[in-house]
Amino acid sequence: MMKLLRTLLILLFPTVLSAQSRGIDEMINDGFMPVAIWWENLVFTEIGGIPFILFLLLGGATLFTLYFGFVNIRHFFTAIQVVRGKYDDVEQMEEDIPDTIRDESHHGEVNHFQALATAVSGTVGLGNIAMVAVAISIGGPGATFWMIIAGLLGMSSKFVECTLGVKYRDINEEGKVFGGPMYYLSKGLKEDNKALLGKILAGIFAVMCVGASFGGGNAFQSNQAAAQLIERFGIEGSSAGTILGIVFAVLVGIVIVGGIKRIGKVTEKLVPFMALLYVLAALFIIISKITVVDDALYLIFSEAFSPRASITGGIAAVMIQGFRRAAFSNEAGAGSAAIAHAAVNTKYPASEGLVALLEPFIDTVLICTLTALVIVIFNMDGAFIYGDVIENQAILVETGERIGGVNITSMAFDSAIPGFSYVLAIAVVLFAFSTMLSWSYYGLQSWKYLFGRGKAADIVFKIIFLLFTVLGSAVTLDAVIKFSDAMILALVFPNMIGLLFLFPKVRKELQYFLNQIRNMKFNKSRE
């Protein structure tokens, strides 16, 4: 099949595929790498050896967790019930609290589950497979512990930003929703007489979000999907990545033309299937290796505070790897998921905020931890040396070759389930596909905020987005990680600064929704 595909491509693109000296992939990477390095250094400016952005991200998440009385734990099961639709019949109270629930002719475009599926598909992706491997190979098993802590705290950040996303969204006469940090930063801060600050933060966020949709939400996904296909199916050629990128671009383009409703319909089917397949495989491996699971857990906990000598930078480096990869994976504090959740059909902003807090739990606490356990168990016999990482995020494995990212995870799964790497390769492509769909919507909403809601603006964005799909498949993992990490985490600056002003507004929304639930239960008990 691959030989036939290559033959057809040679016939269609003879000048592209006949380059003997340097492939297109290499030329694209050489031009892209300096940009990626510059941007990474700017975003990850350090204070005392720790990137300032991590102080902002985790400081805000800790504040929200404490302020809302551990909402991430206390209302976890309430969130599940909302997703199940148990509270869909909650009636609006006769006396509304001013500035909370608005009488809208249209309340949104998708249901709670579709909004969650779309947002989860933007977070549950290759960050859970490839980035976990990167974190552990660089920071050792201890990085897993800090990923879990970041995931738990991030649940509170997701709750705050997604509640605000629904509260301050715009809905036009056709029922189309426009929401996200761009809107709650500008509208919310205007209410607090900080209109100029709101406009500045909203504008910065929109620009960064467009860049993040091109980077972490697109280029990184196509990069790792292409890497898996090339590795697993032995695709050869110096332009193989570019060719696969073109194929991905065509498939993504077919779906994103339909907007959030089509994206929601696709992701609500893809995400549960992919997540279930991946989780079941990981659980099978863990259960089959149950005798060493306690040793793996001990390594994860002990090396979080006392990393081995091969880990350059000590405990600070381990924490940074854990927090940085968790932030990339679940995007809590970045505000991106609020764009998808804003499209939900609900009158109650806090209802969707509660739904959103499930994302970091599913993404980081559950799936990332399972991935980490599989990799740590795989390496119990010394398949590779933690911290022995060189250019392109690659580690030296016992076969004598250097591999990185998703290929580490693939090797770990294949060692326990022979042949599963081929199934994983397909799952990786599906994960990448769903993530690109969600991020195309995030980027488009930000693009519309900047350049208007006309059809011409839509077309221009989608063309650029699809070009980055091809670009990501062509460049190296090192280049795409530098650019993608920095692009997504750059969103934290405008978003978290705004959240630190706006989070008290969320308390009123939460109390209102919980009161409605209590009233519904009381009325049913009297019937």
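**Exercise 1. Determine where Thr 409 sits, whether Thr 409 is buried or exposed, and which residues Thr 409 touches.**

Solution. Begin with the contacts, taken as heavy atoms within 4.5 Å: not counting residues up to four places away in sequence, Thr 409 touches Ile 129, Ala 133, Tyr 278, Thr 371, Ile 375 and Leu 424. Next, place the residue: Thr 409 belongs to helix H19 (residues 406-416), where helices (H or I, at least four residues) and strands (E, at least two) are DSSP runs numbered from the N terminus. Finally, consider accessibility, for which buried means under 20% relative accessible area, exposed over 50%, and partly exposed in between (1.4 Å probe, protein chains only); Thr 409 has a relative accessible area of 0%, and is therefore buried.

The model is predicted, so that local features need pLDDT of at least 70 and side-chain atom pairs count only at pLDDT 80 or more, whereas totals for chains, interfaces and linings use all residues. Residues are numbered from 1 along each chain as its sequence is written, and side-chain values use heavy atoms, with hydrogens and water left out.

**Exercise 2. Check the length of helix H18 (residues 358-378) against its expected span, then say where H18 bends.**

Solution. The expected span is 1.5 Å times one less than the number of residues. For the 21 residues of H18 this gives 30 Å, and because the end C-alpha atoms are 29 Å apart, the two values agree. The bend at a residue is the angle between axes fitted to the seven residues ending there and the seven starting there; in H18 it is about 30 degrees at Cys 368. As for its surroundings, H18 is mostly covered, with 18 of its 21 residues buried.

**Exercise 3. Find how the axes of helix H10 (residues 181-191) and helix H11 (residues 195-233) are arranged, and which residues make the contact.**

Solution. Axes are lines fitted to C-alpha atoms, for helices over the stretch in contact, and angles run from 0 to 180 degrees between N-to-C directions. The two axes come within 7 Å and cross at roughly 175 degrees. Therefore H10 is roughly antiparallel to H11, given that angles under 35 degrees count as roughly parallel, over 145 as roughly antiparallel, 65 to 115 as roughly perpendicular and the rest as oblique. On the H10 side the contact is made by Pro 181, Met 182, Leu 185, Ser 186, Leu 189 and Lys 190, and on the H11 side by Ala 195, Leu 197, Gly 198, Leu 201, Ala 202, Phe 205 and Ala 206.

**Exercise 4. Describe the place of Leu 491, its burial and its contacts.**

Solution. Leu 491 lies in the loop between helix H22 (477-490) and helix H23 (492-526), and with a relative accessible area of 0% Leu 491 is buried. Leaving aside neighbours within four places in sequence, Leu 491 is in contact with Phe 205, Met 208, Cys 209, Ala 212, Ala 334, Ser 336 and Trp 439. Of these partners, Ala 212 is 279 residues apart from Leu 491 along the chain, yet their C-alpha atoms are separated by 8.0 Å.

**Exercise 5. State how many residues of helix H17 (residues 349-356) are buried, and set this beside the totals for the protein.**

Solution. Eight of the eight residues of H17 are buried, so H17 is largely enclosed by the rest of the structure. The protein has 23 helices and seven strands, and 60% of its 527 residues count as buried. Among contacts with a separation of 6 or more, residues 24 or more positions apart account for 85%.
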